[in-house]
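Trainee: Please take me closely through one part of this model. I would like to look at the surfaces where the protein meets the DNA, and at how the two chains are put together behind them.

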There are 2 protein chains.
Amino acid sequence: MPKVSFRDQVLRAREDAIVSSVNRLLAEKGFDVMTVDEVAADVGIAKASLYKHFTSKEELAAAAMIRVLDRVLALIVTLEATTKASAVEQLKAVARWTMQVQLAGEMPSLPAQNSALRGALMTNKIYLDRLMEVSDKLGIWITAAQKAGQLNRKLPPEVILYTLFARACDPVLGLLKAGGQHSDEAIIELLLSTCFGGLGGR
Amino acid sequence: MPKVSFRDQVLRAREDAIVSSVNRLLAEKGFDVMTVDEVAADVGIAKASLYKHFTSKEELAAAAMIRVLDRVLALIVTLEATTKASAVEQLKAVARWTMQVQLAGEMPSLPAQNSALRGALMTNKIYLDRLMEVSDKLGIWITAAQKAGQLNRKLPPEVILYTLFARACDPVLGLLKAGGQHSDEAIIELLLSTCFGGLGGR
DNA sequence: GTCTATAGCCAGATAGAC
DNA sequence: GTCTATCTGGCTATAGAC
């Protein structure tokens, strides 16, 4: 019985378009450099109209960050349903996906300690909930993979978790893409290799 | 014959203090968030005086970036003189040092594709020269370590080089430090382990 | 809810006295 | 070369008509 009027659907579609623009601009320029004027121009509406949907630039960015987390959560749930692969394979699949998203120019960078965005996100319950949910689900795979000896047992699980988050925004991807020597697929396989296998020789 | 007047020495000392402040603020907040007013306040001089030494915010930041490169070059030269260690050990020593600098709050983050800073740096000959010099010297060690089988021969050398640069600014360090569970030394050893050895189990 | 227009603020950079 | 005071422009956010 979800009485959703046509009007509401249009509204949601517009908000979705806004969040998509924010997401792309966030990935491209970062929160501090991105301006609300750019977002408005990109969506094709007036800036004042944006503020009818979102009350601040921070909330705009938070919506984009939440959607990214929702996307990765959806992927995780899908992978959970496909129980064929081992824990470490599931983790690699997630890492591969985040790298694809980054190469597609749709992965906002991690909110650094400094960023003005960080403070706003830390008080955003929805964002924190999603972040915790992703962390929990990945944490289960991480400990399972360690138990199975697929991941180094000597590493504290949070080190592995943080590393996976960081690799999703790894600047090495951008540097290699700028170099133009490798295809996107090759870049991703190289980074997965260095992330899980390290730089060292066998 | 280095006729350096006392006045010049005072000048150099002041500029060095400025660059130190910029370096710290750059590491703490990033180029976009850092303001010239903050720098002036931190140094203890008027903003207008800053502009007598450096003509723009970008040049201010470039001076700090160049000094970091000079510091790492000095380290490399010292390590070259100490020929006891293998190539991969030299690389690890450099990586360890950059991580120490980062934990000390003195490592500016890599200028991202987006950053307003990147454009300015790409036209700064001194910066580019230093960057190339560091890259060349590290490149020699990288290929030597690959030849010796200490680093994975299948990895293109530039992938290893970029990875070392990226690990110098790895946000994982900050996340682990914020967690408060590990000492600085432990954090560095964990990251060196995941960087060279990977996340995988043996 | 959409727009145009503008308020209010703060940043980078400069003028000009000393 | 140092300072105080100011210019200029761009940004977030809002007012108010439709």
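Mentor: What follows goes through DNA strand D, then DNA strand C, then the contact of the two chains. Keep in mind that this is a predicted model.

Start with DNA strand D. It is surrounded by 17 residues. The closest are A:K47, A:Y51, B:A46, B:S49 and B:K52. Both chains therefore appear in that list. Now take the elements. Chain A brings α2 (36–43) and α3 (47–53), and chain B brings α1 (6–29) and α3 (47–53); each of these supplies at least two residues of the surface near DNA strand D. The most comes from α3(B), with four residues. By residue class, this surface has eight nonpolar, four polar and five charged residues.

Which part of the strand faces the protein? Of the atoms of DNA strand D within 4 Å of the protein, 57% are sugar or phosphate atoms, and the rest belong to bases. Several contacts go to phosphate oxygens of this strand. A backbone N or O atom of A:V36 lies 2.9 Å from one. For B:R14, a polar side-chain atom lies 2.9 Å from a phosphate oxygen. The side chain of B:H53 also places a polar atom 2.9 Å from a phosphate oxygen.

Now turn to DNA strand C. Here, too, 17 residues surround the strand. A:R14, A:A46, A:S49, A:K52 and B:Y51 are the closest. The elements that each supply at least two residues are α1 and α3 of chain A, with α2 (36–43) and α3 of chain B. The largest share is four residues, from α3(A). The classes are eight nonpolar, four polar and five charged.

Sugar or phosphate accounts for 55% of the atoms of DNA strand C within 4 Å of the protein; bases make up the rest. Look at the phosphate oxygens again. A polar side-chain atom of A:S49 lies 2.7 Å from one. An N or O atom in the side chain of A:H53 is 3.0 Å from a phosphate oxygen. B:V36 uses its backbone: a polar atom there is 2.9 Å from a phosphate oxygen of DNA strand C.

How are the two chains related? A rotation of 180°, with 0.0 Å of shift along its axis, superposes chain A on chain B with an RMSD of 0.1 Å. The two copies are thus related as by a two-fold rotation axis. Within chain A, A:G198 comes closest to that axis, with its C-alpha at 1.8 Å.

Last, the contact between the chains. It takes 41 residues from chain A and 41 residues from chain B. The copies meet through the same surface, because 100% of the interface residues of chain A are also interface residues in chain B. About 3300 Å² is buried between them, 64% of it on carbon and sulfur atoms. A:Y162, A:L175 and A:L199 supply 19% of the area that chain A buries against chain B, more than any other three residues.

Polar links are there as well. The count is 14 residue pairs in polar contact. On the chain A side, α1 (6–29), α8 (157–168), α9 (171–179) and α10 (184–197) each give two or more residues. Of these, α8(A) gives the most, with eight residues. That side divides into 18 nonpolar, 16 polar and seven charged residues. Two salt bridges cross the interface. One pairs B:R167 with A:D170, with the closest N and O atoms 2.5 Å apart.

Key:
Residues are numbered from 1 along each chain as its sequence is written. Chains are lettered from A and ligands numbered from 1 in the order in which they are written. This is a predicted model: local features need pLDDT of at least 70, side-chain atom pairs count only at pLDDT 80 or more; totals for chains, interfaces and linings use all residues. Side-chain values use heavy atoms; hydrogens and water are left out. A polar contact is a pair of N or O atoms within 3.5 Å; within protein, one must be able to donate a hydrogen and the other to accept it, and residues adjacent in sequence count only if both atoms are side-chain atoms. Ala, Val, Leu, Ile, Met, Phe, Trp, Tyr, Cys and Pro count as nonpolar, Asp, Glu, Lys and Arg as charged, and the others, Gly among them, as polar. Copies are superposed by least squares on the C-alpha atoms of residues with pLDDT of at least 70 in both. Contact means heavy atoms within 4.5 Å. Buried area is the accessible area (1.4 Å probe) that two parts lose on being put together, summed over both. A salt bridge is a side-chain nitrogen of Lys or Arg within 4 Å of a carboxyl oxygen of Asp or Glu.
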